[in-house]
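Work through these exercises with the sequence and the model open. Each task is followed by a solution in steps.

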Amino acid sequence: MGTYNKVHGTIACPRCGIIDTVEVELRLGNTAQMQQLRLGERYPWVPHQQPRDGGRPEDGNAEGDGYMECDHCHKDSFLRVLVREDVIVGIEPNRDKKSHIPD
């Protein structure tokens with residue numbers, strides 16, 4: 001099992017459209033502590049590492065691939081977690097990645 005952080009934020013489920021607070025699994029940066037994070041918080045990076053190894057990307061800007069399962073429709077979706085200047089600023093659907101759970 002890999003480690004991941006959890007980012008909590010409000011979004012409309014890409015599958016059913018219900019707006020709710022979601023928990024997004026994110027394998028980006030420093031995941032060793034499996035932190036619970038929220039929009040507006042600083043994102044943890046691995047000190048003295050390259051971005052591909054969890055270190056801080058240039059200017060602290062990244063778009064991480066996230067995964068969620070909706071509490072309402074029980075379907076999954078892939079999301080992008082947006083980090084700008086080391087701060088989590090948004091969550092948006094990633095329509096380029098196909099879900100695991102069929103419709």
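**Exercise 1. Place Asp59 in the chain and find what it touches beyond its sequence neighbours.**

Solution. This is a predicted model.
- Step 1: locate the residue. Asp59 sits in the loop between β3 (36–38) and β4 (62–69).
- Step 2: classify its exposure. Partly exposed covers the range between 20% and 50% relative accessible area. Asp59 has 49% relative accessibility, so it counts as partly exposed.
- Step 3: list the contacts. Leaving out residues up to four places away in sequence, Asp59 touches Glu85 and Asp86.
- Step 4: check the distance to one partner. Asp59 and Asp86 are 27 residues apart along the chain, and their C-alpha atoms are separated by 7.7 Å.

**Exercise 2. Take Glu85 and decide: buried or exposed? Do the same for Asp86.**

Solution.
- Step 1: place Glu85. It lies in the loop between β5 (76–84) and β6 (87–93).
- Step 2: place Asp86. Asp86 is also found in the loop between β5 and β6.
- Step 3: apply the cut-offs. Exposed means over 50% relative accessible area, and buried means under 20%.
- Step 4: read Glu85. Its relative accessibility is 60%, so Glu85 counts as exposed.
- Step 5: read Asp86. Its relative accessible area is 6%, so Asp86 is buried.

**Exercise 3. What is the phi of Glu85, and what is the phi of Asp86?**

Solution.
- Step 1: recall the background. Most residues other than glycine have a negative phi.
- Step 2: inspect Glu85. Its phi is near 50°, a positive value in a residue that is not glycine.
- Step 3: inspect Asp86. Its phi is positive too, at about 75°, and Asp86 is not a glycine either.

**Exercise 4. Turn to Gln49: which loop holds it, and what does it touch?**

Solution.
- Step 1: find the loop. Gln49 belongs to the loop between β3 and β4.
- Step 2: classify it. With 39% relative accessibility, Gln49 counts as partly exposed.
- Step 3: name the contacts. Not counting residues up to four places away in sequence, Gln49 touches Gly55 and Arg56.
- Step 4: take a distance. The C-alpha atoms of Gln49 and Thr31 are separated by 13 Å, with their positions 18 residues apart along the chain.

**Exercise 5. Analyse Val24: where is it, and which residues is it in contact with?**

Solution.
- Step 1: assign the element. Val24 is part of strand β2 (residues 19–26).
- Step 2: judge burial. The relative accessible area of Val24 is 0%, so it is buried.
- Step 3: collect the contacts. Neighbours within four places in sequence are set aside. Val24 is then in contact with Asn5, Lys6, Val7, Gly66, Tyr67, Leu79, Val81 and Ile91.
- Step 4: test a pair. Val24 and Pro44 are 20 residues apart along the chain, and their C-alpha atoms are separated by 15 Å.

**Exercise 6. Repeat the analysis for Leu26, and find contacts it has in common with Val24.**

Solution.
- Step 1: assign the element. Leu26 is found in strand β2.
- Step 2: judge burial. Leu26 has a relative accessible area of 0%, so it is buried.
- Step 3: collect the contacts. Beyond four places in sequence, Leu26 is in contact with Tyr4, Asn5, Val7, Thr31, Tyr43, Gly64, Asp65, Gly66 and Val81.
- Step 4: match the lists. Asn5, Val7, Gly66 and Val81 are in contact with both Val24 and Leu26.
- Step 5: take a distance. The C-alpha atoms of Leu26 and Phe78 are separated by 10 Å, and the two lie 52 residues apart along the chain.

**Exercise 7. How many aromatic pairs are there, and what is the geometry of Tyr43 and Trp45?**

Solution.
- Step 1: count. There are two aromatic pairs.
- Step 2: describe one of them. Tyr43 and Trp45 are 5.2 Å centre to centre, with 55° between the planes, a tilted pair.
- Step 3: add burial. Tyr43 and Trp45 are both buried.

**Exercise 8. What is the strand pattern, and how does the radius of gyration compare with the globule rule?**

Solution.
- Step 1: count elements. The protein has six strands and zero helices.
- Step 2: write the order. Along the sequence it reads β-β-β-β-β-β.
- Step 3: compare. The radius of gyration is 14 Å, close to the 13 Å from the globule rule for 103 residues, so the protein is as compact as a globular protein of that length.
- Step 4: check burial overall. Of the 103 residues, 41% count as buried.

Key:
Residues are numbered from 1 along each chain as its sequence is written. This is a predicted model: local features need pLDDT of at least 70, side-chain atom pairs count only at pLDDT 80 or more; totals for chains, interfaces and linings use all residues. Side-chain values use heavy atoms; hydrogens and water are left out. Helices (H or I, at least four residues) and strands (E, at least two) are DSSP runs, numbered from the N terminus. The radius of gyration is taken over C-alpha atoms; the globule rule is 2.2 Å times the number of residues to the power 0.38. Buried means under 20% relative accessible area, exposed over 50%, partly exposed in between (1.4 Å probe, protein chains only). Rings of Phe, Tyr and Trp (its six-membered ring) pair if their centres lie within 6.5 Å; planes under 30 degrees apart count as stacked, over 60 as edge-to-face and the rest as tilted. Contact means heavy atoms within 4.5 Å.
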